[in-house]
Every structure is written in C-alpha cells, then in structure tokens.
Amino acid sequence: MGLWKSRSIKRIKLRLGDRPIECLSTEYKGSRADHLWKCKMCGKTWESTPNSVLNEDGGCPYCGTDRTIKANLSRGLRKLE
Ligand SMILES: [Zn+2]
C-alpha cells in the first residue's frame, strides 16, 4: 500500500518533468485530492489537485497565470488557516 502511494508520487514527479514545480506531498491521495506543491521559481507553496496541476496545464498561482489553480488556491488557503 505504501509502495503504491510512493510510486504515485514518483509518477507525479515524472509527469512534472522539467517544469519548475515540485510536489511536496509524500503520500498520494488521489488525482482529485489536494496535494502540496512548491514553485521553484518563486519558492511559494500551494495546495491543488494533481489533476489540475498535471492535466490542466496548471502553473504556479503566484507567478503563473492559470485560473484553475487560483480557484484551488483560495480554497486551499482557507483550509490552512
Ligand atoms: Zn511561482
């Protein structure tokens, strides 16, 4: 079970390729569950789903332009408070 989860995180990292985004989550919770991401460009972190980051061309909500991520970000920030 743990192996499956870490494998999925590895797959996320593979899918990210040379994009300036890092997945900080160590446990895979599903493509539609929030995970923690870090932007290598500005160093900020945010929560979003692998689905939006990997499939919807989601970028950093701070220095990127993706609207989907921005919607997820406001949701994530409320949850962190
Ligand atoms: Zn950024």
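**Exercise 1. List the residues that Ile21 touches beyond four places away in sequence.**

Solution. Start with the criterion: two residues are in contact if their C-beta atoms, placed from the backbone, lie within 7 Å. By that test, and not counting residues up to four places away, Ile21 touches Leu16, Trp37, Cys39, Lys40, Val53 and Cys60. Next, look across the sheet: Ile21 stands opposite Cys39 in β2. Then turn to the core. The largest nonpolar core has seven residues: Ile12, Ile21, Cys23, Trp37, Trp46, Val53 and Cys60. Such a core is a set of buried Ala, Val, Leu, Ile, Met, Phe, Trp, Tyr and Cys residues joined through C-beta atoms within 7 Å. In soluble globular proteins, nonpolar side chains tend to be buried together.

Two notes on the model. It is predicted: local features need pLDDT of at least 70, side-chain atom pairs count only at pLDDT 80 or more, and totals for chains, interfaces and linings use all residues. Residues are numbered from 1 along each chain as its sequence is written.

**Exercise 2. Lay out the elements and the sheet of the protein.**

Solution. Count first: there are three helices and three strands. These are DSSP runs, numbered from the N terminus: helices are H or I with at least four residues, strands are E with at least two. Along the sequence the pattern reads α-β-β-β-α-α. The three strands form an open sheet in the order β1-β2-β3, with antiparallel pairing. β1 (21–23) and β3 stand at the edges with a single partner strand each, so one side of each has no neighbour in the sheet. From one strand to the next, the twist averages 35 degrees. Its axes are lines fitted to C-alpha atoms, for helices over the stretch in contact, and angles run from 0 to 180 degrees between N-to-C directions.

Now the bridges. Strands pair if DSSP finds at least two bridges between them. β1 and β2 are joined by three bridges. β2 and β3 (residues 45–48) are paired over four. Five residues lie between the strands of the β2 and β3 hairpin, where Gly43 takes a positive phi near 80 degrees.

**Exercise 3. Decide whether His35 and Lys38 are buried or partly exposed.**

Solution. Apply the cut-offs: a residue is buried with 20 or more other C-beta atoms within 10 Å of its own, exposed with 12 or fewer, and partly exposed in between; C-beta atoms are placed from the backbone. His35 lies in strand β2. His35 has 23 C-beta neighbours inside 10 Å, so His35 is buried. Beyond four places in sequence, contacts of His35 include Cys23, Lys29 and Glu47. His35 and Glu47 are twelve residues apart in sequence and 5.4 Å apart, C-alpha to C-alpha.

Lys38 is also found in β2 (residues 35–39). Lys38 has 16 such neighbours, so Lys38 counts as partly exposed. Beyond four places, Lys38 touches Glu22, Leu24 and Thr45. Thr45 is also the bridge partner of Lys38 in β3.

**Exercise 4. Place Gly64 and classify its exposure.**

Solution. Gly64 sits in the loop between α2 (50–55) and α3 (67–80). Gly64 has 17 other C-beta atoms within 10 Å, so Gly64 is partly exposed. Met41 is 23 residues from Gly64 in sequence and 9.8 Å from Gly64 in space, C-alpha to C-alpha.

**Exercise 5. State the confidence of the model.**

Solution. pLDDT is the predictor's confidence in each residue, from 0 to 100. The protein averages 82, and 73% of the residues score at least 70. Among the elements, β2 has the highest mean (96) and α3 the lowest (58).
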